[in-house]
Amino acid sequence: MEFSDVVRRRRMVRRYDPGRPVPLEVVERCLANAVRAPSAGFSQGWDFLVLSEGDERESFWSATTDTAAPRDSWLSGIRDAPVLILCLSDKDAYLDRYAEPDKGWTDRDEARWPVPYWDVDTGMASLLILLTAVDEGLGGLFFGVPPAHHDAVRTAFGIPAGRGIVGVVSIGHALPGPKSPSLRRPRRSGRDVAHWGRFGRQRPTG
């Protein structure tokens, strides 16, 4: 399949077939592609926590949701995903890397960073997981963990305090379901978002 076809087919899937597991070899291919993502200074400050067993996934949902509250349609569908991959960023890996002699930021000052590249790079790696899942004929979704639940997730899975929880990728065989109401919004085209030479200038013609 051409890369452009994979991109066009990619959509966020919120309902999964609980009776169809994802082979671990497929998960490993997703992760092998994830680590091909770019990273500042080749810091590679990311980790991926794979939850592929039922008790592991149940521990995640127990840590991130109110078990006494009624499930909404989103949660009911996503809880059936057979694989969850927590995408974790490691800020210290970047601060340490850029304190090395070839970079020279020995003060490890976060203020030198225009944006938190440890989170940006982990996000790009997450996208490669999603695209690989689509290429394998699966569905996927990237979603966040509410900050109030981060400590509970760290405790449940022994995640070091220095790791940031950037988000979670769910993977599985997609089931038909209602489309997100957000999809009623038109997609901005490449022409809509492109600025040529100066902000607000369209592509030269001719």
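Student: How many helices and how many strands does the secondary structure of the chain come to?

Tutor: The model is predicted. From the N terminus on, the elements run α-α-β-α-α-β-α-α-β-α-β-α. The total is eight helices and four strands.

Student: What share of the residues in the chain is buried?

Tutor: The C-alpha trace spans about 50 × 50 × 35 Å along its principal axes. The chain exposes about 12,500 Å², and carbon and sulfur atoms supply 51% of that area. Of the 206 residues, the buried share is 35%.

Student: Among contacts with a separation of 6 or more, what percentage comes from residues 24 or more positions apart?

Tutor: Contact here means heavy atoms within 4.5 Å. One residue with such contacts is Leu86, which touches Asp47 and Val168, among others. For the chain, the percentage is 79%.

Student: Which residues touch the most other members of the largest nonpolar core?

Tutor: This core has 19 residues. Helix 3 (54–64), helix 4 (73–78), strand 2 (83–90), strand 3 (139–143) and strand 4 (163–172) each give two or more residues to the core. Apart from it lies another core of 18 residues, including Val26, Val27, Val83 and Ala125. In the largest core, the residues that touch the most other members are Phe60, Leu84, Leu86, Phe143 and Val153.

Student: Which residues does Leu86 contact, leaving aside neighbours within four places in sequence?

Tutor: Leu86 belongs to the largest nonpolar core, as do Phe60 and Val153. Both of these also appear in the contact list of Leu86. The full list is Asp47, Phe48, Leu49, Leu51, Phe60, Val153, Ile159, Gly167 and Val168.

Student: Is Thr64 buried or exposed?

Tutor: Thr64 has its place in helix 3. Not counting residues up to four places away in sequence, Thr64 touches Val145, His149 and Val153. Its relative accessible area is 9%, and the cut-off is under 20%. Thr64 is therefore buried.

Student: Which backbone oxygen does the side chain of Thr64 reach?

Tutor: The distance is 2.9 Å. That is within the 3.5 Å allowed for a polar contact. The oxygen belongs to Phe60.

Student: Is Arg97 buried or exposed?

Tutor: Arg97 has its place in helix 5. Its relative accessibility is 15%, and the cut-off for burial is under 20%. Arg97 therefore counts as buried.

Student: What is the length of the polar contact that joins the side chains of Arg97 and Asp102?

Tutor: Leaving aside neighbours within four places in sequence, Arg97 is in contact with Gly41, Ser43, Asp102 and Lys103. The side chain of Arg97 reaches the backbone oxygen of Gly41 at 2.8 Å. For the side chains of Arg97 and Asp102, the length is 2.7 Å.

Student: Which residue's side chain does a polar contact of 3.3 Å join to that of Arg20?

Tutor: Arg20 lies in the loop between helix 1 (3–9) and helix 2, and is partly exposed at 42% relative accessible area. Not counting residues up to four places away in sequence, Arg20 touches Pro82 and His173. The polar contact joins the side chain of Arg20 to that of His173.

Student: What distance separates the C-alpha atoms of Arg20 and Asp80?

Tutor: Along the chain, Arg20 and Asp80 are 60 residues apart. The separation of their C-alpha atoms is 10.0 Å.

Student: What is the phi of Gln44?

Tutor: Gln44 sits in the loop between helix 2 (24–34) and strand 1 (46–51). Gln44 counts as partly exposed because its relative accessibility is 34%. Its phi is positive, in a residue other than glycine, and is near 55°.

Student: Where does Arg108, which has a positive phi although it is not a glycine, lie?

Tutor: The phi of Arg108 is about 55°. Arg108 is partly exposed, with a relative accessible area of 32%. Its location is the loop between helix 5 (91–97) and helix 6 (117–135).

Student: Which residues form a nonpolar patch on the surface?

Tutor: One member, Val115, is found in the loop between helix 5 and helix 6. Val115 is partly exposed, at 35% relative accessible area. The accessible area of the patch members together is about 280 Å². The patch is formed by Val115, Tyr117, Val120 and Met124.

Notes. Residues numbered from 1 in each chain as written. Predicted model: local features only at pLDDT ≥ 70, side-chain atom pairs only at ≥ 80, totals over all residues. Heavy atoms only, no water. Buried < 20%, exposed > 50% of the residue type's maximum accessible area, 1.4 Å probe, protein only. Patch = residues over 30% accessible without salt bridge, like charges linked within 9 Å, V, L, I, M, F, W, Y side chains within 5 Å. Areas by Shrake-Rupley, 256 points an atom, 1.4 Å probe, with all protein chains shown as cover. Salt bridge = Lys/Arg side-chain N within 4 Å of Asp/Glu carboxyl O. Polar contact = N/O pair within 3.5 Å; in protein donor to acceptor, adjacent residues only side chain to side chain. Core = buried A, V, L, I, M, F, W, Y, C linked by side-chain atoms within 4.5 Å.
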